[in-house]
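Welcome! Please take a look at the sequence and the structure below, and then let us walk through some of its details together.

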Amino acid sequence: MRRPRGEPGSRAPRAAERATCAGPGESWSPSPNSMLRVLLSAQASAARLSGLLLLPPVQTCCLGPSKWGDRPPGGGPHAGPVQGLQRLLEQARSPGELLRWLGQNPTKVRAHHYPVALRRLGQLLGSRPQPPPVEQATLQDLSQLIIRNCPSFDIHTIHVCLHLAVLLGFPSDGPLVCALERERRFRLPPKPPPHLQPVLRGGQRLEAALSCPRFLRHPQQHLIRSLAGARPEELTPHVMVLLAQHLARHRLREPQLLEAIAHFLVVQESQLNSKVVQKLVLPFGRLNYLPLEQQFMPCLERILAREAGMAPLATVNILMSLCQLRCLPFRALHLVFSPGFINYVSGTPHALIVRRYLSLLDTAVELELPGYRGPRLPRRQQVPIFPQPLITDRARCKYRVVLMLRERWHFCRDGRVLLGSRALRERHLGLMGYQLLPLPFEELESQRGLPQLKSYLRQKLQALGLRWGPEGG
């Protein structure tokens, strides 16, 4: 702290400096190294003390008018005596005189007079060359006056008195500081009631966990425990859809959770429409997981037969998931390849995406279902599925090897099972006669530079009995 001009003896207070009180009947004075002697020296003024406390000087805003100052709103007959009492307190020559002015004029004492008295007490105790003696009884009587009247103080007066009392050496666990601190806390705004966490049942815990953004980024094992602790009636379609979307989005191939979804679908078959079913079936195709539930496929076939005409897009989405699992039901294919279904979807807003999915299903029928004898997608309705170079190559039979780059995100979270869409692509390319050369991401990441990468590809091709081109490309 910069030393103010005219106060060469001033310095910042030390935390260890304290004023001490004598026993009953003995004179009281601060110790030579106390904070009180530093802050309240003969040269220190009330403004100086307030500056050190980071508090403004006590404002006599409630003083009356008369000849001593401006008239406040409403005026009052006691304005002059009230301000006169403040001058008497500021000019008191001993702590006993301070106490006498406060005790003998109870009708004239206002709340702001007590900080004035405490400040004057500090000035007297820090006076030079010899501070006046103070009896313990005087300090106790002054404390009792403040304690008795502090309920009428405003918050600013309480703060000033509290800081001054601490600086004067009143103990922090003494009656004066405790009373002022209690009044300060009483005037604080009330705290809002604590938010009581509702008691969540199994299904509610599961829904709360799945709806938490932090949990979506960091899946945890207690999800399985929440599901295991839920009663059947607590597992609503909404909860199970959240679970299915969570597994699909994060590529979590958790057999216990997937089996729970399959069982729920079978049990609630009559209560579910195809728009909900498509969301429940999604993780099975994406995660390339065929459940052990024996009624899974018969249940889906019944739902498809019942809902195909009412929700065409949901119907095709369900079939796409089953296509990834190599479980296309013939009866459902008859429905979606029928002229009535195709004509119906052609006039809907999602006609293009439905035609694309139907084209992929038609390709799957051609490659994977040689025994199918039902209707097929008309050629004029088909949309190209594979890139044009592959289609042209198949006609010319020029190149028969396809390099399959397997990135980390092409697999389920465990890193061993390809996602359903990637497995379907590789399976169809193999059925079309192409020789696949998988390039795992772990091996590619270990290659350093173009020469090392060429050497790696040459070894891969030689393992298939193929020769590296003369130009090395």
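Arginine 93 and glutamate 97 form a salt bridge, with 3.8 Å between the closest N and O atoms. This is a predicted model, so please read every value here as computed from it. The two partners sit in contrasting surroundings: arginine 93 is exposed, with a relative accessible area of 67%, whereas glutamate 97 counts as buried at 11% relative accessibility.

How many salt bridges does a search of the whole structure find? The search finds 11. Three of them are set out here, including the pair just described.

| Salt bridge | Closest N to O distance |
|---|---|
| Arginine 93 and glutamate 97 | 3.8 Å |
| Glutamate 181 and arginine 185 | 3.6 Å |
| Glutamate 269 and arginine 302 | 2.9 Å |

**A pair within one helix**

Let us turn to the second row. Glutamate 181 and arginine 185 both belong to helix H8, which covers residues 175–186. They are four residues apart, about one turn of the helix. Arginine 185 is partly exposed, at 47% relative accessibility. The pair also has company: Glu181, Arg184 and Arg185 are linked in a network of salt bridges.

**A pair that joins separate parts**

The third row brings together glutamate 269 and arginine 302, whose closest N and O atoms are 2.9 Å apart. Glutamate 269 is in the loop between helix H13 (255–267) and helix H14 (274–286), while arginine 302 is in helix H15 (residues 296–307), so this salt bridge ties together parts that lie 33 residues apart in sequence. Glutamate 269 counts as buried, with 14% relative accessibility, and arginine 302 counts as partly exposed, with 40%.

**From H15 to H16**

Helix H15 leads us to another helix, H16. The axes of H15 and H16 come within 10 Å and cross at roughly 155 degrees. Angles over 145 degrees count as roughly antiparallel, and H15 and H16 are therefore roughly antiparallel to each other. Their crossing is left-handed. On the H15 side, the contact is made by Met297, Leu300, Leu304 and Glu307; on the H16 side, Thr315, Ile318, Leu319 and Leu322 take part.

**A closer look at H16**

Helix H16 runs over residues 312–324, which makes 13 residues. From its first C-alpha to its last it reaches 19 Å, close to the 18 Å expected at 1.5 Å a residue.

Is H16 mostly covered or mostly uncovered? It is mostly covered, as 11 of its 13 residues are buried. Among the buried residues are Pro312, Ala314, Val316, Met320, Ser321 and Cys323. Which helices do the buried residues of H16 pack against? They pack against H14, H15, helix H17 (330–336), helix H18 (339–346), helix H19 (351–368) and helix H21 (420–431).

Glutamine 324 offers a nice example to look for in the structure. This residue lies in helix H16 and counts as buried, with 14% relative accessibility. Leaving aside residues up to four places away in sequence, glutamine 324 touches Gly285, Arg286, Asn288, Gly420, Ser421, Leu424 and Arg427. Just after H16, arginine 326 takes a positive phi of about 60 degrees.

Definitions and conventions
Residues are numbered from 1 along each chain as its sequence is written. This is a predicted model: local features need pLDDT of at least 70, side-chain atom pairs count only at pLDDT 80 or more; totals for chains, interfaces and linings use all residues. Side-chain values use heavy atoms; hydrogens and water are left out. A salt bridge is a side-chain nitrogen of Lys or Arg within 4 Å of a carboxyl oxygen of Asp or Glu. Buried means under 20% relative accessible area, exposed over 50%, partly exposed in between (1.4 Å probe, protein chains only). Helices (H or I, at least four residues) and strands (E, at least two) are DSSP runs, numbered from the N terminus. The expected span of a helix is 1.5 Å times one less than its number of residues. Contact means heavy atoms within 4.5 Å. Axes are lines fitted to C-alpha atoms, for helices over the stretch in contact, and angles run from 0 to 180 degrees between N-to-C directions. Angles under 35 degrees count as roughly parallel, over 145 as roughly antiparallel, 65 to 115 as roughly perpendicular and the rest as oblique. A crossing is left-handed if the near helix is turned anticlockwise from the far one by less than a right angle, and right-handed if clockwise.
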